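Trainee: Could you take me through one part of this model up close? I'd like to know what sits around a single residue in the sheet, and how that sheet is put together.

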Amino acid sequence: MSVNATVTPAAHATPATLTASDRCDRCGAQARVRVVLVTGDLVFCAHHAKAYDEKLRAKAVEYVDETHSLVTEMSNN
Ligand SMILES: [Zn+2]
């Protein structure tokens with residue numbers, strides 16, 4: 001009887017990782033930063049995240065910066 005084979009780590013409040021389908025709220029580019037606000041969350045590209053950085057961090061419940069993990073976007077063009 002092996003009931004304890006797989007231990008699932010407790011869910012840390014880790015927001016979902018940004019994907020290529022996440023689009024900047026301002027320009028529609030691939031999102032690099034997710035900002036969780038009390039009203040919901042917004043995603044921004046690196047450029048706009050930087051542009052609004054101060055305001056966003058002041059309001060953010062959670063600020064997830066994924067600008068470092070540059071995943072090549074799959075383009076269907
Ligand atoms: Zn943008």
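Mentor: Let's start with a yardstick: a residue counts as buried if 20 or more other C-beta atoms lie within 10 Å of its own, as exposed if 12 or fewer do, and as partly exposed in between. Keep in mind that this is a predicted model.

Now take Tyr63, which lies in strand β3. Is Tyr63 buried, exposed or partly exposed? Tyr63 has 16 other C-beta atoms within 10 Å, so by that yardstick Tyr63 is partly exposed. For the chain as a whole, 16% of the 77 residues count as buried.

Who are the neighbours? If you skip residues within four places in sequence, Tyr63 is in contact with Val35, Leu56 and Arg57. Val35 is a handy one to follow, since its bridge partner in β2 is Leu42.

That brings us to the strands. β1 covers residues 33-37 and β2 covers residues 40-44; the two run antiparallel and are joined by five bridges. Getting from β1 to β2 takes a hairpin of two residues.

On to the strand that holds our tyrosine. β3, residues 62-65, pairs with β1 over four bridges, again in the antiparallel sense. You can pick out individual partners here: Arg34 is matched with Val64 of β3, and Val36 has Glu62 of β3 as its bridge partner.

Put the strands together and you get an open sheet with the order β2-β1-β3 and antiparallel pairing. β2 and β3 stand at the edges with a single partner strand each, so one side of each has no neighbour in the sheet. Tyr63 therefore belongs to an edge strand. On average, neighbouring strands of this sheet are turned by 15° against each other, direction ignored.

How far apart in space are Tyr63 and Val43? Their C-alpha atoms are 9.9 Å apart, with their positions 20 residues apart in sequence.

Stepping back, the order along the sequence is β-β-α-α-β, which gives the chain two helices and three strands. Follow that pattern and you'll see that the two helices come after the second strand and before the last one. As for contacts between residues at least 6 apart in sequence, 32% of them join residues at least 24 apart.

Methods
Residues are numbered from 1 along each chain as its sequence is written. This is a predicted model: local features need pLDDT of at least 70, side-chain atom pairs count only at pLDDT 80 or more; totals for chains, interfaces and linings use all residues. Two residues are in contact if their C-beta atoms, placed from the backbone, lie within 7 Å. Two strands pair if DSSP finds at least two bridges between them. Axes are lines fitted to C-alpha atoms, for helices over the stretch in contact, and angles run from 0 to 180 degrees between N-to-C directions.
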